[in-house]
Amino acid sequence: VQLVESGGGLVQAGGSLRLSCTASGNIFLINHMGWYRQAPGKQRELVAFLSRSGGTNYADSVKGRFTISRDNAKNMVLLQMSSLKPEDTAVYYCNTYNQDLEWGQGTQVTVSS
C-alpha cells in the first residue's frame, strides 16, 4: 500500500490548509488512521487520530484547530487545519495508528509569523 500526502504549502499565521492522504488500497475503513508531523530536529508525533468507527482524538497542541475526517467515496483521509501557528511548521504524514505501512513522502507545511 502506498500512501500519498498532499495539500501542504506556505501560509501566514492564522491561516488554514487542508491536507489529503490517499492510498493505493482501500485501507481507511479497516484501520485506525492518524496524521503525524515531524518538525526539524524533532521526533515524528501523532497529531490527529481517526478510528474505524469515526471517533477522533487530537494532540493538545492542535485540539480545537485541526479536524481529521475520512472521505469514503474518494478513499481519502483529510486534515483540516485552521488558526495555524508557526509551531505547526513540519512535514505532515498519514499512516495507520500502528504505523505499519511504509511512510509516504509527506507534505510540507510552513507557517510564517
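Two strands pair if DSSP finds at least two bridges between them, and strands themselves are DSSP runs of E with at least two residues, numbered from the N terminus. With that in hand, here are some notes to help you find your way around.

1. **What you are looking at.** This is a predicted model, in which local features need pLDDT of at least 70 and side-chain atom pairs count only at pLDDT 80 or more, while totals for chains, interfaces and linings use all residues. Residues are numbered from 1 along each chain as its sequence is written, and side-chain values use heavy atoms, with hydrogens and water left out.

2. **The four-stranded sheet.** A good place to begin is the open sheet of four strands, ordered 1-3-8-7 with antiparallel pairing. Strand 1 (3–6) and strand 7 are its edges and have a single partner strand each, so one side of each is left without a neighbour in the sheet. On average, neighbouring strands here are turned by 15 degrees against each other, direction ignored; the axes behind such angles are lines fitted to C-alpha atoms, and angles run from 0 to 180 degrees between N-to-C directions.

3. **Pairings around strand 8.** Strand 3 and strand 8 run antiparallel and are joined by six bridges. Thr-22 has Met-76 of strand 8 as its bridge partner. Strand 7 and strand 8 also pair in the antiparallel sense, again over six bridges, and here Asp-71 stands opposite Met-76. Met-76 is therefore a handy landmark, named as partner both of Thr-22 and of Asp-71. Strands 7 and 8 form a hairpin with four residues between them, and Asn-75 in the turn has a positive phi of about 55 degrees.

4. **The six-stranded sheet.** Another open sheet has six strands in the order 2-10-9-4-5-6, with mixed pairing. Its edge strands are strand 2 (9–12) and strand 6 (56–58), each of which pairs on one side only. From one strand to the next, the twist averages 25 degrees. Inside this sheet, strand 4 and strand 5 run antiparallel and are joined by five bridges; one residue to look at is Gly-34, whose bridge partner in strand 5 is Phe-49.

5. **The disulfide.** Taking a disulfide as a pair of cysteine sulfur atoms within 2.5 Å, the count comes to one. Cys-21 is joined to Cys-94, with an S to S distance of 1.8 Å. Cys-21 lies in strand 3 and Cys-94 in strand 9, so the link ties together parts that are 73 residues apart in sequence. The link is right-handed, with 45 degrees about the S-S bond. Are these cysteines buried or exposed? Cys-21 is buried at 0% relative accessibility, and Cys-94 is buried at 0% too. (Buried means under 20% relative accessible area, exposed over 50%, and partly exposed in between, using a 1.4 Å probe and protein chains only.)

6. **The nonpolar core.** What makes up the largest nonpolar core? A core of this kind is a set of buried Ala, Val, Leu, Ile, Met, Phe, Trp, Tyr and Cys residues joined through side-chain atoms within 4.5 Å. The largest has 29 residues, and Trp-35, Phe-66, Ile-68, Leu-79, Met-81 and Tyr-92 touch the most other members. Strands 3, 4, 5, 7, 8, 9 and 10 each supply at least two residues, and strand 3 gives the most, with four. Do look at Ile-68: among the residues it touches (heavy atoms within 4.5 Å), not counting those up to four places away in sequence, are Met-33, Trp-35, Phe-49, Tyr-58 and Leu-79.

7. **Salt bridges.** A salt bridge is a side-chain nitrogen of Lys or Arg within 4 Å of a carboxyl oxygen of Asp or Glu, and a search of the whole structure finds four. Arg-37 meets Glu-45, with the closest N and O atoms 2.8 Å apart, and Asp-88, with the closest pair 2.9 Å apart. Asp-88 lies in the loop between strand 8 and strand 9 and Arg-37 in strand 4, so this pair ties together parts that are 51 residues apart in sequence. Both Asp-88 and Arg-37 are buried, whereas Glu-45 is partly exposed at 33% relative accessible area.

8. **A pair with more exposure, and a network.** Lys-63 and Asp-60 form a salt bridge at 3.2 Å, N to O. Lys-63 is partly exposed at 47%, and Asp-60 is exposed at 67%. Through shared partners, salt bridges join Arg-37, Glu-45, Arg-65 and Asp-88 into one network.
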